[in-house]
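User: Please explain the terms used for this structure, setting each value against its definition.

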Amino acid sequence: MFRSIADAKTRLKAVEAGALYTEVLDAFARVFPDAPEVAFARAPGRVNVIGEHTDYNGLPVMPMAIDREIVIAFAPAETSTVTLLNVESSYPRVEFQISSAVPPYETGHWGNYAKAAAQALCEWAQASASDALPLRGIRGVVAGSIPAGSGLSSSSALVVAVACALSRDLPISKPELADLLAAGERYVGTQGGGMDQATSLLGRKGSALRIDFFPLETQPVKLPEGHVIVVANTMVTANKTGGARVVYNTRVAECRLGLEMLKHLAAPKHPAVREATLLKHFQQTVPEWEECLLGLPDDPVSVADVAAFLGGLENDVARRCLVQRDGSLLPPPKDGFSPKKRCRHVLTEGARVGKAAAAAERGDARELGRLMDESHTSCADDYGISCPELDRMVAVMRAHGALGARLTGAGFGGCAVALVPSDQADSLMDGVWRDYYQGYLPERGIAVPSERASVLFACSPSEGAGILPL
Ligand code: GLA
């Protein structure tokens, strides 16, 4: 795994590892000239083909790891200190001690993703591998080819890459690590599900994945032969730790509010539903879930309305549904909560993933595309996570030959994906470049990106994270 710097350079060339690896190795050699040896941890970003905001509700997703990644050139440290630099000089140096209570940097600091991984592994070792304690740190340099804030999970890829470096000698399996990091990344304040970490760790070259949660299970899904997924960045930043965090956490809370009310409605006929902690359990327990959904009060509602519906106390509802990681209560959105629409999206989206995986497997690209279109509409109208730029992007993609197009990831900006026959991918991208980037962006007063390939590209499913075998 570890090699001298000179040796690593030769091996990187031999395995055709690419420019990112040479760049990060050169930077590592400059910053840590005394390091006797170096290894590389890598973790890919992801796009989600279909299944949005279903993961934290226990319902499936269908993403794939992409050929853009985070790479860390690292050497083991003697102590439990983690020291990380980034090849991008705008990211400040990170240095901290691994423990089960690492004090975070200010919100939005990139180092928090490294801290999230370290703290999660330390907690895991305390519970499951105490002879590995104290965990030893690393000295490393980070580089990446996943545009940050574009909804391609650059942040989860960083968490995963740091975790791969730190856990290289620990007896932890990849699925176990995926579960651990899904919970561990909530350290940054977003109540995310497990899709990003699982995809980055368990991605398969050549296949998308169907992922089920609680318990985590992955199944490779071949996309229809002769078709590719094109990714396009809207150039509107969806920052998970910035403004998008509160909106994201509001969706999580609205699903909880909806679940409480759905359980209340279904319990007389299906007493077992009282045990449900996720919308998945509700759907599994109540065959007539669609009908039940119609019984929810119309949106918007307040916590007081939900409490009245349940015949309970406002405080209890707030405590069950709105508590954040730091113990504070989520502020109610100014237009009120929309649990009915949110639950309708999640429950129908879960069903769409099943249909999409089946369509993909039988090579039915038209049906897969249709489901992607339907998903976008549901994300926009019921889940409220689209924006004018995403809506325009999917419309432009469809106009240029996409069989289906939708936002991907958390939404509120970031990227869209399109399914297109491989031989039409170039003409689709030319059309999108012309109409969206050169036409629409200037109209909106948004700068046109200088380099097309970093914002608009066809992607192929890649292998999951790990230590680069050298
Ligand atoms: C973010 C989260 C994921 C998932 C998506 C929406 O990427 O990190 O867990 O919830 O949003 O599908």
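Analyst: A polar contact is a pair of N or O atoms within 3.5 Å. The model discussed here is a predicted one.

User: What makes the approach of the ligand to Glu 52 a polar contact?

Analyst: An N or O atom in the side chain of Glu 52 lies 2.7 Å from an oxygen atom of the ligand. The limit is 3.5 Å, so this pair is a polar contact. The side chain of Asp 55 also has an N or O atom 2.5 Å from a ligand oxygen, and that pair therefore qualifies as well. For Gly 193, a polar backbone atom is 3.0 Å from an oxygen atom of the ligand.

User: How much of the ligand does the protein bury?

Analyst: Taken alone, the ligand exposes 300 Å², and 98% of that is buried by the protein.

User: Which residues around the ligand come nearest, and how does the shell divide by residue class?

Analyst: Twelve residues surround the ligand, and Glu 52, His 53, Asp 55, Asp 196 and Tyr 248 come nearest. The shell comprises four nonpolar, three polar and five charged residues. Tyr counts as nonpolar and Asp as charged, so Tyr 248 is placed in the nonpolar class and Asp 196 in the charged class.

User: What is notable about the backbone of His 53?

Analyst: His 53 has a positive phi of about 60°, although it is not a glycine. This residue is in the loop between β1 (39-50) and β2 (62-76).

User: Why is α1 called roughly antiparallel to α2?

Analyst: Helix α1 (residues 5-14) packs against helix α2 (residues 19-31) at an angle of about 175°, and their axes are 10 Å apart. Angles over 145 degrees count as roughly antiparallel, so α1 is given that description relative to α2. The residues of this contact divide into seven nonpolar, one polar and two charged. Among them, Ile 5 and Leu 12 belong to α1, while Tyr 21 and Phe 28 belong to α2.

User: Where are the cis peptide bonds that precede Pro 134 and Pro 215?

Analyst: Leu 133 and Pro 134 are joined by a cis peptide bond with omega of about -10°. Pro 134 is in the loop between α3 (111-128) and β5 (138-144). The bond from Phe 214 to Pro 215 is also cis, with omega near 5°, and Pro 215 is in the loop between β6 (208-212) and β7 (217-221).

Terms used:
Residues are numbered from 1 along each chain as its sequence is written. This is a predicted model: local features need pLDDT of at least 70, side-chain atom pairs count only at pLDDT 80 or more; totals for chains, interfaces and linings use all residues. Side-chain values use heavy atoms; hydrogens and water are left out. A residue is near a molecule or strand if one of its heavy atoms lies within 4 Å of it. A polar contact is a pair of N or O atoms within 3.5 Å; within protein, one must be able to donate a hydrogen and the other to accept it, and residues adjacent in sequence count only if both atoms are side-chain atoms. Accessible areas come from the Shrake-Rupley method with a 1.4 Å probe; for residues, only the protein chains shown count as cover. Axes are lines fitted to C-alpha atoms, for helices over the stretch in contact, and angles run from 0 to 180 degrees between N-to-C directions. Helices (H or I, at least four residues) and strands (E, at least two) are DSSP runs, numbered from the N terminus. Angles under 35 degrees count as roughly parallel, over 145 as roughly antiparallel, 65 to 115 as roughly perpendicular and the rest as oblique. Contact means heavy atoms within 4.5 Å.
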